[in-house]
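Welcome, and please get your viewer ready. This tour goes from one selection to the next and tells you what to look for at each stop.

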Amino acid sequence: MKNSEKKPVTLRQVAEHAGVSAATVSLVLNRKGDISETTRDKVHAAVSALNYRPRTSRTKSEPLPTVLFLKLAKHGQTVNRDHNHFISDYIDGMSAEAVSCGYTLEVLSHEGDDIEVVRGFLEDRAIRGAIVLATELSGDDVQKLKDCRIPVVFIDAYYPFLEANFVDMDNNQMIFSAVSALQRAGAQQIGFVGSHSDVVNFRLRFDAFRSACDALGLSLSEDQVLAVPATREAAYVSAKDQLERLGSLAQAYVCANDIVALGLMRALRERSVSIPEDVAVIGFDNLPMSSMISPSLSTIDVPKRQIGALAVRTLNDLISAPKPAAPAKILVSGRLILRGSTRLPTGS
C-alpha cells in the first residue's frame, strides 16, 4: 500500500519551532530587517531541523492571493462614522497578519444590501476567503453567509449555537470586570443602559450584566435597566426621557457602548446630577472621544487589532486545511480603563 505524501512544512511551523513570529521568519529568510544574530540562528536551526523548503518565489507580475474584509452596515446604527476608528483598528490587525500569511487584504463596504445579494457578491469574487464584520447581522444572516463556496470568518458578533467561525470580544469577562469594579468602589445599586438596536453584542452584554450581578450577589432592579437607540443624539434624547420617569437613580450604570454612555452622561448633567459623585458611568469600546469629554469616560478597551489578526489566522487555517474543519469560536478578553466618570475602587 502506497504511503500518502507528507504535507510540506509551513512557515508558521518553523516560527513555532523557533519561538518567533512568522513575520520574523520571513524577514530572516529574505535577509531583511534588524534581526539579532541569536534570533537568526534560531530560525536557521528550525529550518534545518524541519527540512523546510520555501515556496517558489513569485514573479513580480504574479499577484498574491486575496482575502476580503467585508464591512457590512445593515441598519447603520452602529456601523457608522462614530465607530470608524474602532473598525480601522480591526483592519490594522488584519493587514499585518495578512502580509505574514502571504495574502493581499482587500477591504470593501456594503450598506443596506439584502443578505442574498451579499452572498452572491462573495461567491462571485476571485478571493480565497472572507472576514465579515457581523456587528449588525442576525443569526439568520450569518447562517446564509457561512455556507458560501469560500471560507468565512465573522468578527464583532458571536452566536454560540451556530456552526460558524467567530472571533469576538469576551463580553462576559469584560462586563464582569466593570460591575465588580463598581461594587468595590461601594456601589450596591447598579443599572444597565442597553440598546434596542439589533446588535447581538448588545444582547450578550446585557446577559453578561445579569450574570455578573448574580455572581456578585447584587440585586438588579428592572427600573434601572434602560434601553436607548445606539446613535449619539437619539441616545441622549431617549435617556433624558427615561430618566425623568424614574423615581430614583442607580448609584452607577454600565452601558452597552460608549455612544450610549455619552448620551446618558449628557442627560444626567442636564438633571444636575454630578458624575461620578452622584452617579458613576462605565462605557464599552474605548472610542477616542471617551477620553476627551469632561469628566472623561471610564470604559472597556477591546483588543481590536488582536481580534483582526486572529480572524486572518483562523481564515488562513481554514483555507489551508486539507478537509473541512470544525468551526472555530474565539473570544478575546479586554481591559477596564477607569477614568473620571467612575470613582476608583478602594486600593486602586
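**First stop: a buried aspartate**

Select Asp141, which lies in helix α6. Keep in mind as you look around that this is a predicted model. Is Asp141 buried or exposed? Its relative accessible area is 7%, so Asp141 counts as buried. Now show its side chain together with that of Lys74: the two make a polar contact at 2.6 Å. Next, add Ser138, whose backbone nitrogen lies 3.0 Å from a polar atom of the Asp141 side chain. Leaving out residues up to four places away in sequence, Asp141 touches Lys74 and Ile115.

**Second stop: helix α5**

Ile115 leads us on, as it belongs to helix α5, residues 115–124. Colour Ile115, Val118, Phe121 and Leu122, which are buried in this helix. Then look down the axis of α5: its buried residues fall within an arc of 115 degrees, so they line one face of the helix. What covers them? Select β1 (66–73), β2 (104–111), β3 (129–133) and α6 (139–146), which are among the covering elements. Before leaving, show Asp114, which caps the N-terminal end of α5. One of its side-chain oxygens lies 2.9 Å from the backbone nitrogen of Glu116.

**Third stop: the cores**

Which residues have the most contacts inside the largest nonpolar core? Select Ile131, Ile155, Val254, Leu264 and Val281 to see them; the core has 74 residues. Helix α10 (residues 258–270) gives the largest share of this core, with 8 residues. A second, separate core has 25 residues, including Val118, Ala130, Val142 and Tyr159. You have already met Val118 among the buried residues of α5.

Zoom in on Val254 next. Not counting residues up to four places away in sequence, its contacts include Ile175, Leu182, Phe192, Phe209 and Ile282.

**Fourth stop: Val14**

Now move to Val14 in helix α1, residues 11–18. Val14 has 0% relative accessibility, so it counts as buried. Setting aside neighbours within four places in sequence, show what Val14 contacts: Val9, Val25, Val43, Ala46, Val47, Leu50 and Tyr52. Try drawing a distance from Val14 to Val142: their C-alpha atoms are 35 Å apart, and 128 residues separate them in sequence.

**Last stop: confidence**

Finally, colour the chain by pLDDT. The average is 88, and 91% of the residues score at least 70. Among the elements, helix α2 (residues 22–29) has the lowest mean, 78, and strand β9 (residues 280–282) the highest, 98. Where pLDDT is low, the predicted coordinates should not be read in detail.

Conventions: Residues are numbered from 1 along each chain as its sequence is written. This is a predicted model: local features need pLDDT of at least 70, side-chain atom pairs count only at pLDDT 80 or more; totals for chains, interfaces and linings use all residues. Side-chain values use heavy atoms; hydrogens and water are left out. Buried means under 20% relative accessible area, exposed over 50%, partly exposed in between (1.4 Å probe, protein chains only). Helices (H or I, at least four residues) and strands (E, at least two) are DSSP runs, numbered from the N terminus. The arc is that of the directions from the helix axis to the C-beta atoms. Contact means heavy atoms within 4.5 Å. A polar contact is a pair of N or O atoms within 3.5 Å; within protein, one must be able to donate a hydrogen and the other to accept it, and residues adjacent in sequence count only if both atoms are side-chain atoms. A nonpolar core is a set of buried Ala, Val, Leu, Ile, Met, Phe, Trp, Tyr and Cys residues joined through side-chain atoms within 4.5 Å. pLDDT is the predictor's confidence in each residue, from 0 to 100.
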